There are 2 protein chains.
Amino acid sequence: MTPQGTSLIGQQAITGDQATIRAIDPATGEALAPEYPGLDRSAVAQACQLAEDAFATYRESSLDDRAAFLEAIATEIEALGDALIERAMAETGLPRARLEGERGRTCGQLRLFASVVRAGEWLDVRIDPALPEREPMPRVDLRQRHVALGPVAVFGASNFPLAFSVAGGDTASALAAGCPVVVKAHSAHPGTSELVGRAVQAAVAQCGLPEGVFSVLFGSGKEIGQALVANPHIQAVGFTGSRGGGLALMATAQNRPQPIPVYAEMSSINPVFLLPEALQARGEAIAEAFIGSLNMGAGQFCTNPGLVIAVKGEALDAFLAAAGEAVKDSAAQTMLTPGIHGAYQDGVGALAANSKVREIARGPAGKGPHQCQSALFATRGADFLADEALQAEVFGASGLVVECADAEEMQRVAAALEGQLTATLQMDDGDLEAARTLLPVLERKAGRVLANGWPTGVEVCHAMVHGGPFPATSDSRTTSVGSAAIFRFLRPVCYQNLPQGLLPEALQDNNPLDVSRLVDGKRE
Amino acid sequence: MTPQGTSLIGQQAITGDQATIRAIDPATGEALAPEYPGLDRSAVAQACQLAEDAFATYRESSLDDRAAFLEAIATEIEALGDALIERAMAETGLPRARLEGERGRTCGQLRLFASVVRAGEWLDVRIDPALPEREPMPRVDLRQRHVALGPVAVFGASNFPLAFSVAGGDTASALAAGCPVVVKAHSAHPGTSELVGRAVQAAVAQCGLPEGVFSVLFGSGKEIGQALVANPHIQAVGFTGSRGGGLALMATAQNRPQPIPVYAEMSSINPVFLLPEALQARGEAIAEAFIGSLNMGAGQFCTNPGLVIAVKGEALDAFLAAAGEAVKDSAAQTMLTPGIHGAYQDGVGALAANSKVREIARGPAGKGPHQCQSALFATRGADFLADEALQAEVFGASGLVVECADAEEMQRVAAALEGQLTATLQMDDGDLEAARTLLPVLERKAGRVLANGWPTGVEVCHAMVHGGPFPATSDSRTTSVGSAAIFRFLRPVCYQNLPQGLLPEALQDNNPLDVSRLVDGKRE
């Protein structure tokens with residue numbers, strides 16, 4: 001299959017008539033065919049109406065049917081074969097192995113959500129049986145389950161053209177919850193988006209679902225994206241991108257006549273704390289692993305470790321020297337888009353121009369047009385504390401090391417951090433007390449706390465939290481990766497005294513779905 | 001104990017120096033002693049700083065200690081004895097039996113949350129053990145628990161001076177989650193608020209907790225309330241009150257440098273659908289029960305059934321006649337405040353003046369100054385659909401009956417409703433199909449769906465949902481009554497590869513807290 005340059009609204013392929021989007025191969029700067037004429041607002045309204053029409057049926061699809069649909073999407077994506085990988089390589093500059101891995105992750109994620117749907121934990125079934133004899137008042141029969149919120153708008157991310165785009169984590173979890181999805185495709189990888197969109201479209205048809213369960217739209221983010229979030233049928237939004245983009249969607253969602261939740265994953269510099277014993281014992285090994293994580297995917301991960309914090313001294317000097325050498329050995333890598341490369345250059349330039357920051361090393365310049373030259377900087381703890389600008393995310397392979405005067409200053413730096421997706425401790429046995437002192441601060445700052453690992457590489461599982469306090473995300477109560485992501489698109493409904501014949505299956509006495517239930521507060 | 005006219009900041013009693021608040025006995029119109037001089041913004045900052053200081057200790061208090069604290073609050077409230085009931089009667093005009101019942105509910109709620117804390121379901125423990133042999137990549141050890149959000153601001157409600165005020169559901173669930181609470185007391189019942197606040201204060205001291213775990217502030221809502229929500233230490237807000245008040249707090253919370261969640265329970269007219277067989281078989285009995293629910297507490301419940309929907313015909317005429325007679329037999333009741341009474345008069349006046357609305361009956365006028373005269377109106381389905389103003393909540397014992405042309409129009413009326421706390425079906429066996437048609441619409445409109453009951457009377461249990469789509473609440477994903485209310489004040493944190501000695505108890509291998517866990521996606 002080759003991309004046709006069309007949006008997909010339900011089972012239709014639609015060619016817009018607004019300003020045209022074309023992918024650019026960042027490795028060459030060349031525009032790629034086909035053109036994607038943008039849609040207008042009426043097409044957004046049409047997709048949302050179809051989603052609303054599909055909702056009544058889809059939200060009550062059986063657990064097996066819904067799980068089979070998610071599995072069919074995975075199969076259809078795999079069936080796209082190498083055409084998908086090649087198109088994604090051309091549109092993103094990412095290497096084949098990374099994109100093949102990401103495809104595996106995307107399909108694995110869809111299959112995980114299929115198993116989540118079947119297991120039914122997400123229904124959160126609670127039953128408080130009637131107590132007709134209770135004094136002074138009898139208790140009526142009360143039962144609770146979770147239901148789907150309604151149609152969901154998903155914004156594809158630039159940096160995960162498969163795993164956080166058209167059929168990525170937001171889409172998979174929303175579909176798992178029973179919500180139709182309208183995707184605003186990211187303009188940087190339209191061909192990849194269309195191919196994946198057609199795979200989902202085929203799965204919808206194959207599973208006999210109402211067509212409005214899924215649409216994917218191309219067009220201007222400000223125009224089409226805002227219209228999508230403002231559409232009255234849309235009941236929640238999933239977004240991964242810049243802080244500015246996320247804040248704009250949050251404002252639109254909040255200013256609707258009916259405000260809706262926005263799950264925006266925005267920015268994080270993912271602090272790494274080098275505790276003294278670990279730094280002393282294995283500083284150089286940590287330095288190499290750090291630069292390995294920093295360079296991964298040209299640093300274009302939300303979980304890229306952009307900040308290292310340690311107490312100054314000989315061990316930290318040795319760490320800096322080793323890290324600097326590793327940076328100098330780092331080959332330049334093509335970035336996702338000319339815009340991202342430009343922003344990276346600006347961010348690195350601002351650090352270089354800051355009088356309180358010293359440059360430790362730069363990687364070799366690249367030969368292509370949009371290549372990321374790795375960079376490492378250092379600053380003093382006091383200067384970091386005095387300048388909020390040093391917390392700004394530089395999206396790409398740039399790191400800043402904060403040299404603290406002592407452990408107390410390190411604690412103050414931790415306390416001064418904005419909300420983060422992750423916080424990491426590099427620690428040895430002798431660092432346990434220091435880690436205990438930092439942990440309560442880090443728990444308040446981050447959605448995930450790691451020991452002796454690196455934040456890049458986010459496992460898709462049940463215990464994962466890919467989230468965190470603002471501005472890392474718009475809603476710290478949630479995760480966008482892992483099975484708990486489904487709860488973003490659900491709400492509880494209580495049924496009081498309903499006859500068995502009217503109760504949803506999940507709540508019937510004989511538990512036909514065989515799901516875990518909280519009965520009178522006790523887990524069954 | 002008698003009220004002293006002071007705010008309570010931590011263990012201190014503080015007398016403000018701003019404009020004074022005095023309770024008014026609504027039954028007589030007389031002002032009650034003592035005066036409550038309002039606080040200024042610096043006092044708000046002080047209470048929030050104390051809460052922040054207390055948070056580090058309190059959020060990690062043991063499950064038993066925290067549960068014992070909640071139980072101690074209940075005991076201390078009971079120890080206030082009749083002084084509390086008498087003060088609340090004077091400040092609210094509510095009868096003794098109602099307030100004694102509400103005290104029982106308040107203390108029962110605190111004890112329920114004690115049991116919820118001990119059971120540990122709220123921790124939502126998830127463990128995905130390391131898979132070192134997994135191909136192509138090993139899996140690291142990942143564990144998740146919920147942690148407290150931080151200090152919480154609670155706004156006391158006018159209509160539940162005990163159960164949704166200083167130590168009501170919001171406070172109990174926030175404290176259960178591990179969040180210190182700063183209460184902005186409702187100005188209509190300051191003496192009741194101070195007495196309950198002193199009971200909580202005593203429990204804090206008795207349990208040896210840091211004093212900042214609890215404060216209660218008196219002052220201007222616009223000044224003190226907005227300053228509280230804007231304070232950077234506050235991490236969530238619980239509010240029960242008007243739509244205007246809730247929207248103002250939502251805007252403040254959203255415009256902070258760090259936006260925070262607001263759980264505002266605002267307005268609901270709680271539609272009741274009379275299905276044909278039930279209406280035919282027992283219309284008069286339903287009419288009497290309806291007016292009984294409508295009049296309960298002078299109609300001053302969030303769940304008051306303000307809207308009845310049925311298909312026109314002889315059975316509905318008989319229902320209206322019976323309901324009208326019951327209204328005429330309804331004694332006038334003192335309302336909570338002069339302001340609430342004034343708003344009720346305005347709301348009833350607007351209905352009476354609407355040319356598409358006809359008055360069915362009014363109850364007898366009262367003799368006191370602020371008495372609610374029950375009222376019943378009717379309108380046609382087409383007129384209801386054409387005029388959004390007919391959906392406005394009239395807080396008090398006023399009901400509107402919508403006479404639909406047929407079942408199809410009844411369905412359209414259901415679909416046109418705003419978000420509600422509850423929706424009720426009056427149905428007999430023969431109405432099952434009609435109920436099945438309505439149910440999917442009602443599930444999207446309301447947090448709780450009832451059959452053959454009345455929405456007033458909200459059980460405090462595990463399956464309860466006291467919530468619902470906007471504008472019933474600001475966040476349909478939550479409930480403010482029942483044990484699930486605790487989740488409003490929690491967020492998940494994932495721990496990757498932490499040594500056992502650093503892991504929180506809830507996540508340690510040997511499960512020392514003996515809590516339910518999801519291990520590799522399976523419930524243990």
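How many aromatic pairs does a search of the whole structure find over all chains? The search finds 16. Please keep in mind throughout that this is a predicted model.

Let me begin with one of these pairs, A:Tyr36 and A:Phe218. Their ring centres are 4.5 Å apart and their planes stand at 45°, so the pair is tilted. A:Tyr36 belongs to strand 6 of chain A, residues 36–38, while A:Phe218 lies in the loop between strand 11 (214–217) and helix 7 (221–230) of that chain; the pair therefore ties together parts that are 182 residues apart in sequence. Are these two residues buried or exposed? Both A:Tyr36 and A:Phe218 are buried.

Chain B offers a further example. B:Phe160 and B:Phe301 form a tilted aromatic pair, with 5.5 Å from centre to centre and 40° between the planes. This pair, too, links distant parts of its chain, 141 residues apart. B:Phe160 is found in the loop between strand 9 (152–155) and helix 5 (169–177) of chain B, and B:Phe301 in the loop between helix 9 (276–295) and strand 15 (307–311) of chain B. Both B:Phe160 and B:Phe301 are buried. In chain A, one aromatic cluster is formed by A:Phe160, A:Phe164 and A:Phe301.

Rings also meet charged groups in chain B. B:Arg66 lies over the face of B:Tyr58, 5.7 Å from the ring centre. Likewise, B:Arg488 places its charged end over the ring of B:Tyr263, at 5.5 Å from the centre of that ring.

I turn now to strand 11 of chain A, the strand that precedes the loop holding A:Phe218. Both of its faces are covered. On one side are A:Phe214 and A:Val216, on the other A:Ser215 and A:Leu217, and all four are buried. Which strands pair with strand 11 of chain A? Strand 1 of chain A, residues 7–9, runs antiparallel to strand 11 and is joined to it by 2 bridges; here A:Leu8 has A:Val216 as its bridge partner. Strand 10 of chain A, residues 181–184, pairs with strand 11 in the parallel sense over 4 bridges, and there A:Val182 is partnered by A:Ser215.

Next comes a sheet built from both chains. It is an open sheet of 12 strands with mixed pairing, in the order 17(A)-19(A)-20(A)-15(A)-14(A)-21(A)-22(A)-23(B)-8(B)-7(B)-24(B)-25(B). Its edge strands are strand 17 (357–362) of chain A and strand 25 (522–523) of chain B, each of which pairs on one side only. Within the sheet, strand 14 (residues 271–274) and strand 15 (residues 307–311) of chain A run parallel and are joined by 3 bridges. A:Pro271 stands opposite A:Leu307 of strand 15 in chain A.

Helix 14 of chain A, residues 432–445, packs on this sheet. In chain A the helix touches strand 14, strand 21 (420–426) and strand 22 (446–451), and in chain B strand 8 (142–148) and strand 23 (490–496). The direction of helix 14 makes about 150° with that of strand 22 of chain A.

Finally, how are the two chains related? A turn of 180°, with a shift of 0.0 Å along the axis, lays chain B on chain A with an RMSD of 0.0 Å. The two copies are thus related as by a two-fold rotation axis. Of the residues of chain B, B:Gln254 comes closest to that axis, its C-alpha being at 4.0 Å. The same surface serves both copies, since 100% of the contact residues of chain B recur in chain A.

Note on methods
Residues numbered from 1 in each chain as written. Chains lettered and ligands numbered in written order. Predicted model: local features only at pLDDT ≥ 70, side-chain atom pairs only at ≥ 80, totals over all residues. Heavy atoms only, no water. Phe/Tyr/Trp six-rings, centres within 6.5 Å; stacked < 30°, edge-to-face > 60°. Buried < 20%, exposed > 50% of the residue type's maximum accessible area, 1.4 Å probe, protein only. Lys NZ or Arg CZ within 6 Å of the ring centre and 35° of its normal. Least-squares fit on C-alpha atoms with pLDDT ≥ 70 in both. Contact = heavy atoms within 4.5 Å. Pairing = 2+ DSSP bridges. Axes fitted to C-alpha atoms, helices over the stretch in contact; angles between N-to-C directions.
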